[in-house]
Amino acid sequence: MHGRVAVIGAGSWGTALSLLLAGKGLDVRLWAHRREHVDNIRSQGENRAYLPGFPLAANILVTADIAEAVVDCPVVVMVVPSHGYRHVFRRLLPHLTPETVVVSAAKGIENESLMTMTMIMADEAGTQGCRTAVLSGPSFAKEVAGGKPTAVTVAATDVEIAAKVQQLFFTPMFRVYSSTDVVGVEMGGPLKNVIAIAAGISDGLDFGTNARAALITRGLAELTRLAVRMGARPLTMAGLAGLGDLVLTCTGDLSRNRSVGLKLGQGQTLALIMDEMRMVAEGVKTTRSARQLALRMGVEMPILEEVYQVLYEEKRCDEAVRSLMGRDQKQELEGV
């Protein structure tokens with residue numbers, strides 16, 4: 001792969017990955033869908049709206065023209081929220097070649113179709129086909145942009161593609177593991193966001209670290225059940241894209257999903273919380289789609305169900321906790 005990469009999506013994560021790749025000397029094309037956003041980044045020299053304090057290097061070209069962004073780029077990195085992923089990829093598709101590798105760095109499940117991002121790409125590409133990979137793991141954008149040590153996983157069904165993408169992103173401070181378990185690596189990201197909301201609610205209610213540890217552990221059991229039913233390998237869920245990302249998002253102060261739960265536990269309404277947030281908390285939308293997916297697949301996910309009841313049925317947070325604590329007793333590893 002030669003030295004040009006397109007990053008589609010100029011939020012905090014897309015910007016952080018652009019900085020990482022540019023730091024390796026690559027020519028990066030960063031696409032944003034709003035012209036105003038592009039103009040602001042260009043004039044200010046940084047993405048103050050989503051990742052302030054990190055000046056963009058000269059080898060990052062910011063554009064609102066998707067054709068300009070991907071021309072002559074052998075790798076395209078999709079960093080678009082799940083609710084807009086299909087629309088943007090549909091615009092991108094005519095500009096891809098059969099050799100282009102598209103790396104999904106987004107975490108979500110589409111509400112309408114219940115598809116993951118690689119499933120959306122396969123659905124849209126149809127017989128044209130598309131070479132895809134997925135990047136996931138415990139990685140706050142601000143820390144990656146600041147050069148702090150981070151480890152993630154890249155997965156592709158094609159071992160050669162996985163290895164090439166692994167090498168593309170690897171730096172001395174950004175360690176990349178490879179995998180062929182696309183389903184497992186891709187399912188961990190969106191599902192952990194739901195559990196992070198639950199952990200935030202627990203912290204907002206001042207239930208302490210015992211409760212948070214229990215939520216993380218039982219949350220891992222839930223997301224593993226659903227991911228395995230979808231075809232994932234159980235051990236993947238104990239890795240960076242599963243347990244690693246879950247721990248980070250449930251405990252880190254930079255977690256938007258934990259922040260939503262924290263404010264809910266403190267008594268704020270979801271509508272007010274979302275109005276005040278500039279960036280997307282994927283777990284709010286994912287809770288709805290993950291619940292539908294769990295029901296479709298016949299997988300019991302009690303934490304997910306209670307988060308759904310709080311977000312969409314106006315159930316009180318303390319009542320949701322009582323519902324979880326009052327469930328029938330059972331063996332710990334039953335149904336895991």
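A crossing of two helices is called right-handed if the near helix is turned clockwise from the far one by less than a right angle. This definition is needed for two of the views below, which come from a predicted model.

**Figure 1. The whole protein, shown as an overview of the predicted model.** The protein contains 15 helices and 10 strands. Its radius of gyration is 19 Å, close to the 20 Å that the globule rule gives for 336 residues, so the protein is as compact as a globular protein of that length. Taken along the principal axes, the box that the C-alpha atoms fill is roughly 60 × 40 × 35 Å. Of the 336 residues, 52% are buried, and among the contacts with a separation of 6 or more, 71% join residues that lie 24 or more positions apart.

**Figure 2. Close-up of helix H4 packed with helix H5.** Two packed helices are described by the angle between their axes and by the distance between the axes. Here H4, which covers residues 82-92, and H5, which covers residues 117-125, pack at an angle of about 30°, and their axes are 10 Å apart. Because angles under 35 degrees count as roughly parallel, H4 and H5 are described as roughly parallel to each other. The crossing in which H4 passes H5 is right-handed. On the H4 side the contact is made by Ser82, Tyr85, Arg86, Phe89 and Arg90, while on the H5 side it is made by Met117, Ile120, Met121, Asp123, Glu124 and Ala125. Sorted by class, this contact of H4 with H5 holds six nonpolar residues, one polar residue and four charged residues.

**Figure 3. Close-up of helix H9 crossing helix H10.** In this view the axes of H9 (residues 208-229) and H10 (residues 240-251) come within 10 Å and cross at roughly 145°. The crossing of H9 and H10 is right-handed. From H9, the residues Arg212, Ile216, Gly219, Leu220 and Leu223 meet Leu243, Leu246, Val247, Cys250 and Thr251 of H10. When the residues of this contact of H9 with H10 are divided by class, seven are nonpolar, two are polar and one is charged.

**Figure 4. Close-up of Asp72 and Leu114, two loop residues with positive phi values.** Asp72 has a phi near 60°, which is a positive value in a residue other than glycine, and it is found in the loop between helix H3 (66-70) and strand E6 (75-78). Leu114 has a phi near 65°, again a positive value in a residue other than glycine, and its place is in the loop between strand E7 (101-104) and H5. Asp72 is exposed, with a relative accessible area of 54%, whereas Leu114 is buried, with a relative accessible area of 7%.

**Figure 5. Close-up of Pro52 in strand E4.** Pro52 is found in strand E4, which covers residues 51-55, and with a relative accessible area of 47% this proline is partly exposed. When residues up to four places away in sequence are not counted, Pro52 touches Glu46 and Asn47. Pro52 and Lys142 are 90 residues apart in sequence, and in space they are 9.0 Å apart, C-alpha to C-alpha.

Key
Residues numbered from 1 in each chain as written. Predicted model: local features only at pLDDT ≥ 70, side-chain atom pairs only at ≥ 80, totals over all residues. Heavy atoms only, no water. Axes fitted to C-alpha atoms, helices over the stretch in contact; angles between N-to-C directions. Helix = DSSP H or I, 4+ residues; strand = E, 2+ residues; numbered from the N terminus. Parallel < 35°, antiparallel > 145°, perpendicular 65-115°, else oblique. Contact = heavy atoms within 4.5 Å. Nonpolar A, V, L, I, M, F, W, Y, C, P; charged D, E, K, R; others polar. Rg over C-alpha atoms; globule rule 2.2 N^0.38 Å. Buried < 20%, exposed > 50% of the residue type's maximum accessible area, 1.4 Å probe, protein only.
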